[in-house]
Amino acid sequence: MRIVTWNLWWRFGPWAERQKAILAVLRELRPDVVGLQEVWEADGENLAGWLAGELGLHWAWAASEAPERWQRRLLDSGAGTVGVGNAVLSRWPVTDRAVLKLPAPEDLDDGRLALYAGLDTPGGRLPFVTVHLTSAPHASAVRAEQVGALAGFVAEHARDAGHPPVLTGDFNAEPDSAEVRPLAAHGFRDLWEYADPDAPAATWDPANPYITGEEAARVDHIHVGPPGPGTVRAVRRAGDGPVDGVWPSDHAAVVADLSDGPGTPGW
């Protein structure tokens, strides 16, 4: 099973050209399931729906209930009609879905959420969650509260599943941060532990021309909950360079390849 997580940078920058580059990267990766953040929806079109149609995948989508702060950051006149949210693309049908609105104080609340999709794989239901935590640099305590709520949300939807739960997303925090570390206490394993230690790890990287004045950081994650991921064959970045001269997003994607192992039928 190939799992991908990717923040698609909403409708910022040269979004129409970026859309084609995003498709090219995903088409080359041929993922089984993808967690997406900062997905746009406008004028009856949804980026995740378009990608799913082009790639022959199923999809689920959840929109932010408070997109106004996002919309004010766009300069084009149509910004007020553009939605933002999370999405899941899947080789297997989506049998059920649920949304968790992440807790946040009013001054930071821009509708961040977690989207759960139950996937009907040959080995049974795969509980798959993708999340986008609050981004303010000073909001570590807010993200920690969001992770606490997230752990309960994932556990609720992992009951009686055929696979361990998979948690993906842009955590806006590094793996050793106070907000991400508690996931280990809930039995989650960060799949980057299985990556080549010499491989580039930063998913937020100043080598990307959309980023200025920032330090490199690994803020995008794939975690697998108990009883664990079985055999992890490879973990790496993707979408970390230009496609026909256009960088697809301001984030790199993370790709993990899993195979059968104890407690993981049908990976």
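**Exercise 1.** Asp205 and Arg237 meet side chain to side chain in a salt bridge, 3.2 Å from N to O; work out which parts of the chain this pair links.

*Solution.* Start with the term: a salt bridge puts a side-chain nitrogen of Lys or Arg within 4 Å of a carboxyl oxygen of Asp or Glu. Next, place the partners: Asp205 sits in the loop between β10 and β11 (220–224), and Arg237 in strand β12, so the pair links distant parts of the chain, 32 residues apart. Strands here are DSSP E runs of at least two residues, numbered from the N terminus.

A quick word on the input: this is a predicted model, where local features need pLDDT of at least 70 and side-chain atom pairs pLDDT 80 or more, while totals for chains, interfaces and linings use all residues. Numbering runs from 1 along each chain as its sequence is written, and side-chain values use heavy atoms, without hydrogens or water.

**Exercise 2.** Find which residues share a salt-bridge network with Arg237.

*Solution.* Asp240 also pairs with Arg237, again by a salt bridge, at 3.2 Å from N to O. Shared partners then join Asp205, Arg237 and Asp240 into one network.

**Exercise 3.** Sort Arg237, Asp205 and Asp240 into buried or partly exposed.

*Solution.* The cut-offs: buried is under 20% relative accessible area, exposed over 50%, partly exposed in between (1.4 Å probe, protein chains only). Arg237 has 14% relative accessibility, so it counts as buried. Asp205, at 22%, is partly exposed, and Asp240 is partly exposed too, at 34%.

Key
Helix = DSSP H or I, 4+ residues; strand = E, 2+ residues; numbered from the N terminus.
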